[in-house]
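These are my notebook entries on a single structure. I set down what I looked up, topic by topic.

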Amino acid sequence: MEKSNNKNRISWQFWLVIWVAGIAGQLVWSIENQWFNTFVYDKIAPNPNIITWMVAISAIASTFSTFLCGTLSDRIGKRRIFVLLGYIMWGVSTIVFGLTQFTIGILGVTGAAIMVVIADAIMSFFGSMGNDCGFSTWTTDITNPHNRGTLGTALAVQPVIATVVGSLLFGAIISGFSDFKINGQTLDYFMMFVIAGIAIIIIGIVSYFLIKESPTLIARKDDSFAKSMAKPFDFKLLKKNRLMVYVLLTFMLFFISFNVYFPHILNYFIYGTSKDTLNWVSTSLFGNENSVEMIAGGLLAIGLLLAFPLVIFCGKILNKQKFILILFLSVIVNVIGLLIMFIGGISGVKYGGELAIILIGIFFVGAGYMCLYQALMVWIKNLYPEDMRSRFEGIRMLFYVCIPMFLGTLVGNVIVQNMGNEIVLVYERGEVTGFAPNYWLFIIAAGLALLTFIPITLAYFEIKKRPPVYVDE
């Protein structure tokens, strides 16, 4: 019994790396998911097409990186070198992304938009190299089915902490540097990218020296590199593990819904339906409207923070492999939150009333999202083939990032373009007309989220028919 307890215990050194490298990675992802889109509206144009292209191309880059670097990682039997190189280049490319705002005077709106898309793709490539191929696969190597629920709690909590810290800290940096200019360009967003980039570089270097490779990790060179890279797509292999396919389909359908609204949610607060309320809060607290970015981030952070205790509770249930229960409840809670956000928007309620509705809505949306993400991440790690863990991170990225980001943002873009609110923003070069997202995003996302019940139900019957035996159990 003592031996089993020792096997299931995660050492404090490993927990240190999990929290330091994990939080750092999530902070940078939070910038990409939250602030890149407000950056586009603030610096280039209120054009959701730019966001759609940016998200779609970066999703492809992330997925390709995970397959390429994941195959290499499995073949050489190393993880930490990918954390080091990936995080360093991730930080450098984050700083480079910030420089794109200075290209608009030279390249114009179209040229600057292209540069933003390219820079985001490069950043995503190295982010996946360090975070998915290196860090995430390493966490799978050092855990087993009996303690991955505990790990899943940490991994699910980290995006919340990153969102809270990122929303408040980065929002404060943007507001704090809004009065500093170079050649007519304010340094608000640029300084955020510089600070975040330097931080991720330092964390990558520190993590390299703290990480210890799993003693069971060995090099896998049974096939050529090309065959190794293509092996996760072997339909015979996937057919043998139908349960994993259903988990991947759950990832895909839920995050298609997620990507309909989430890339636009801060712009919804700042420029869309909630604009008047945020301006009212900013004026009431600070005497001006210069802090709306910080307040928008704060609303998102507070709503998610309120849902935080549920994640810890879910972790204990997931250690008992009760995945189906958590998934069903998570989708229901998430849909309730989206309906609340829609009703609040369409009702026309403003100021204090709207703030209350937003916080309640985000609480339900965030609770459902975090618990479902936690369950899926723990479950899929239990189902990875032991000899292809890093490569199967690529399969997960295909269903979790690439397909959902492409389809979800495409749907969101159509909604914003055809059902959004027309706005006019003033730049140094003059006025630009565009569209701001509104409440229709939430009701359509809610409808799409209901489709997630299909693969969850199929997974339930698959477990009844063939109870799974998890790797490392």
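Entry 1, cysteines. I looked up Cys402 in this predicted model and asked how far its sulfur lies from the closest cysteine sulfur. The closest one belongs to Cys133, at 14 Å, which is too far for a bond. A disulfide would require the two sulfur atoms to be within 2.5 Å. I then checked the total and found that the structure holds 0 disulfides. Cys402 counts as buried because its relative accessibility is 14%, under the 20% limit for that class. I also looked up Cys371, which is buried with a relative accessible area of 6%.

Entry 2, salt bridges. How many salt bridges does the structure hold? I noted 6. I examined the pair of Lys43 and Asp188, whose closest N and O atoms are 2.8 Å apart. Lys43 lies in helix α2 and Asp188 in helix α7, so this salt bridge ties together parts that are 145 residues apart in sequence. I checked the accessibility of the pair and recorded both Lys43 and Asp188 as buried.

I next looked up Asp74, which forms a salt bridge with Arg79 at a closest N to O distance of 3.0 Å. Both of these residues, Asp74 and Arg79, are buried.

For the salt bridge between Arg466 and Glu462, I recorded 3.0 Å from N to O. Are its two partners buried or partly exposed? Arg466 counts as partly exposed, at 40% relative accessibility, whereas Glu462 is buried, with a relative accessible area of 8%. I also noted one network, in which salt bridges with shared partners join Asp42, Lys43 and Asp188.

Entry 3, nonpolar surface patch. I looked for the residues that make up a nonpolar patch on the surface and listed Trp12, Leu16, Ile198, Ile202, Val206 and Leu210. The area of the patch is about 550 Å². Which helices each supply at least two of the patch residues? They are α2, residues 12-43, and α7, residues 188-210. The most comes from α7, which gives 4 residues. I looked more closely at Ile198, which is placed in helix α7. Ile198 counts as partly exposed because its relative accessibility is 45%, between the limits of 20% and 50%.

Entry 4, nonpolar core. I turned to the largest nonpolar core and noted that it has 143 residues. Which of its residues touch the most other members? I recorded Met192, Phe255, Tyr261, Phe269, Trp379 and Phe442. Helix α16, residues 352-383, gives the most to this core, with 17 residues.

I then looked up the contacts of Tyr261, leaving aside its neighbours within four places in sequence. Tyr261 is in contact with Asn334, Leu338, Val365, Leu441, Phe442 and Ala445.

Entry 5, Leu339. I located Leu339 in helix α15, which spans residues 323-347. At 34% relative accessibility, Leu339 counts as partly exposed. With neighbours within four places in sequence left aside, Leu339 is in contact with Ile443 and Ala446. I also looked up the separation of Leu339 and Val432, which are 93 residues apart along the chain. Their C-alpha atoms are separated by 32 Å.

Methods. Residues are numbered from 1 along each chain as its sequence is written. This is a predicted model: local features need pLDDT of at least 70, side-chain atom pairs count only at pLDDT 80 or more; totals for chains, interfaces and linings use all residues. Side-chain values use heavy atoms; hydrogens and water are left out. Patches are made of residues with over 30% relative accessible area and no salt bridge: like charges are joined within 9 Å, nonpolar side chains (Val, Leu, Ile, Met, Phe, Trp, Tyr) within 5 Å. Accessible areas come from the Shrake-Rupley method with a 1.4 Å probe; for residues, only the protein chains shown count as cover. A salt bridge is a side-chain nitrogen of Lys or Arg within 4 Å of a carboxyl oxygen of Asp or Glu. Buried means under 20% relative accessible area, exposed over 50%, partly exposed in between (1.4 Å probe, protein chains only). A nonpolar core is a set of buried Ala, Val, Leu, Ile, Met, Phe, Trp, Tyr and Cys residues joined through side-chain atoms within 4.5 Å. Contact means heavy atoms within 4.5 Å.
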